[in-house]
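Q: I should like to learn how to read the features of a structural model one at a time. Could we begin with strands and then proceed to helices, rings and single residues?

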Amino acid sequence: MEHRTKRVAIVGAGTSGLAACKHLLARGFRPVVFEAGESIGGLWTRTLASTRLQSPHVAYRFSDFPWPDSADWYPRHDQVVDYLAAYARRFGVEERVRFRSKVLAAEYVGAADDTAASGWELWNGNGDAFGDGSGAWRLTVRHEHDDSGITKTYEFDFLILCIGRFSGVPNIPAFPPGGGPDVFRGRVIHSMELSDMDDADAAALVKGKRVVVVGSGKSAFDIAAECAEANGIEQPCTMICRSPRWLLHHTDVWGKVNIGYLYMNRFAELMVRKPGAGSTSNLLATLLAPLGWLISKLTEAYYKKEIPMEEHGMAPEYGLARSFSSCLIGMLPERFYDMVKEGSIVIKKLRGSVTFCDDGLLLDGGVSGERVPAELVILATGFRGDEKVRDMFASRRVREIVAGTPDTTVPLYRECVHPRIPQMAVIGYAESLTNIYACEMMAKWVARLLDGAFRLPGVRRMEESVAEWGRYMRRSGGAEHFRWSCLGAVNIWYNDQLCRDMGCNSRRKKGLLAEWFHPYGAVDYADIL
């Protein structure tokens, strides 16, 4: 078909970029993938030495590509990279990737002016994924070769961004005048800088130093554990934490029930007020709310008994169900609380502000608070994913609308398409409990969209859906985390929408009991190509 000769660019060769390329190749397209790094794998090529998957490998996989038998149950980061590289080789993706090629800017050029999209009734003006053929994306790409580089421009008929949100632009907290890193005699780095180092260089950096890690997320725990392994009780690592999260030691509750049976099946989603589900579904969710509360409380009680989080002041202030709906959940590093007990990790709970001084950090203002000496401070404070996306675009209008506002979620229909940005899709920006599973479904949906298998509704209807999902994200994620667009508690419902768009049966299990009570995963959608 003529549209399969269209030029398609994919930015990023991580999990979402690989899936996007694979499914476009399967439909006859010949996409070009620009990857800034030297190899396939995205974030997995730039991690701490001890980093492992957050979920068992059976849950973190592409639907049609199993892990090798030799993989660990929670694979190491190098095993993940090997798995992704094998996937790329198996489906001919690797030969489509241009490594060490960083996209510096993307600009939409065409007959229409930059504000024409404001009057659209249909996406791209006519509802076609490639518009009327008069517009294209012009990419400025920097190709690095050995010690030199060259910058080139290319034009494509469609652009797919697969750059994620957990890399690129570090989130550096604001500090008051006279209380920032400039007054500190030691070294201050962001966790991104540590992850980008070779394992040997990272180990040498922390060895024998008084290290302080600032942060409450999974990366903060991982870094603290690595520092503790390196230095022991002689130079304990101090972890400054404001809002502890649910980090679990394993996924089996009461020793026998996998947590997926409690939170990741269709019955569990009956207890959630899902966006676009209608009044009957919302009423049922309200009626089942006490059951959902009971399940959450019993599960929380189990983990609080098994993990000494309360003893060390690290019990989260929100429930376990909230952690699933906001993607604020992960796995504890091995022996983490053993290292706390032995004294190689010291936890400081932050209630107010943190500022720098010449020899460390001042907690809660430093007057009535505490002074924490340090030689190296590592800020495990996350990333500014929205800024990374905005900075890619040359157009001021696109920069203003592509990532929404601080009061809204990222305005993507089906978490993939901005209703008023032409000929572009985003894959992998929304979060899930196992991101590879969600990314692959998005990739299948986008590939079918480009292949003309279905058409999108009108722009107004798309924007109404975006707003409805935004309201759900705010309810489920809270004011602090709703912009993460977490699909964790409604992933099956989200996939149902994609299946209906693609004309596929959304009920994927065999048998009524399995359909309602067994956890859903990527393998359930393997026959959707």
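**Reading strands, a helix, rings and single residues**

A: We may start with one residue and its partner: valine 214 has isoleucine 240 as its bridge partner in β10. Please keep in mind that this is a predicted model.

Q: What general idea lies behind the pairing of strands?

A: Strands of a sheet pair through backbone hydrogen bonds, in either a parallel or an antiparallel manner. Here, β9 and strand β10 (residues 237–241) are paired in the parallel sense over three bridges. β9 is also joined to strand β19 (residues 376–379) by four bridges, and these two run parallel. Valine 214 takes part in this second pairing too, with leucine 379 as its bridge partner in β19.

Q: Which way do the side chains of β9 point, and are they buried or exposed?

A: In a regular strand, the side chains alternate between the two faces of the sheet. In strand β9 (residues 211–214), Val211 and Val213 point one way, while Val212 and Val214 point the other way. All four of these valines are buried.

Q: In what order do the strands of the five-stranded open sheet lie?

A: The order is β3-β2-β1-β7-β20, with parallel pairing. An edge strand is recognised by pairing on one side only, and here the edges are β3 (97–98) and β20 (424–426).

Q: How is β7 connected to its neighbours, and what covers its faces?

A: On one side, strand β1 (residues 8–11) pairs with β7 in the parallel sense over four bridges; alanine 9 has leucine 159 of β7 as its bridge partner. Strand β7 (residues 158–161) is also joined to β20 by three bridges, again running parallel, and leucine 161 has valine 426 of β20 as its bridge partner. Both faces of β7 are covered: Phe158 and Ile160 on one side, and Leu159 and Leu161 on the other, are all buried.

Q: How should I read a long helix, taking α8 as the case?

A: One may compare its span with the expected value, then look for a bend. Helix α8 (residues 279–306) has 28 residues and reaches 39 Å from its first C-alpha to its last, close to the 40 Å expected at 1.5 Å a residue. It nevertheless bends by about 50° at leucine 288, and proline 290 follows within four residues.

Q: Which residues of α8 are buried, and what do they pack against?

A: An α-helix has 3.6 residues a turn, so residues three or four places apart point the same way. The buried residues of α8 include Ser281, Ala285, Leu288, Gly292, Ile295 and Thr299. The buried residues of this helix pack against β11 (246–248), β12 (252–253), α6 (260–263), α7 (266–270) and α9 (320–325).

Q: How many aromatic pairs does the structure hold, and how is a single pair to be read?

A: The structure holds 29 aromatic pairs. One of them joins tryptophan 67 and tyrosine 83, which are stacked at 4.2 Å centre to centre with 5° between the planes. Tryptophan 67 lies in the loop between β2 (32–34) and α2 (77–90) and tyrosine 83 in helix α2, so the pair ties together parts that are 16 residues apart in sequence. Both residues are buried. They belong to one aromatic cluster with Phe62, Phe65, Tyr87 and Phe91.

Q: Where does a charge sit over a ring?

A: The charged end of lysine 22 sits over the ring of phenylalanine 91, 4.6 Å from its centre. Another case is lysine 274, whose charged end sits over the ring of tryptophan 493, 5.9 Å from its centre.

Q: Why does serine 485 count as buried, and what surrounds it?

A: The cut-off for buried is under 20% relative accessible area. Serine 485 counts as buried because its relative accessibility is 1%. This serine is placed in the loop between α14 (459–481) and α15 (491–502). Leaving aside residues up to four places away in sequence, serine 485 touches Arg165, Thr409, Val410, Glu415, Ala430, Glu431 and Met473.

Q: How does threonine 140 read by the same procedure?

A: Threonine 140 lies in strand β5 (residues 135–145). Its relative accessibility is 23%, so threonine 140 counts as partly exposed. Not counting residues up to four places away in sequence, its contacts include Lys102, Val103, Leu104 and Thr151.

Technical notes:
Residues numbered from 1 in each chain as written. Predicted model: local features only at pLDDT ≥ 70, side-chain atom pairs only at ≥ 80, totals over all residues. Heavy atoms only, no water. Expected span 1.5 Å × (residues − 1). Bend = angle between axes of the 7 residues up to and from the residue. Buried < 20%, exposed > 50% of the residue type's maximum accessible area, 1.4 Å probe, protein only. Contact = heavy atoms within 4.5 Å. Phe/Tyr/Trp six-rings, centres within 6.5 Å; stacked < 30°, edge-to-face > 60°. Lys NZ or Arg CZ within 6 Å of the ring centre and 35° of its normal. Pairing = 2+ DSSP bridges.
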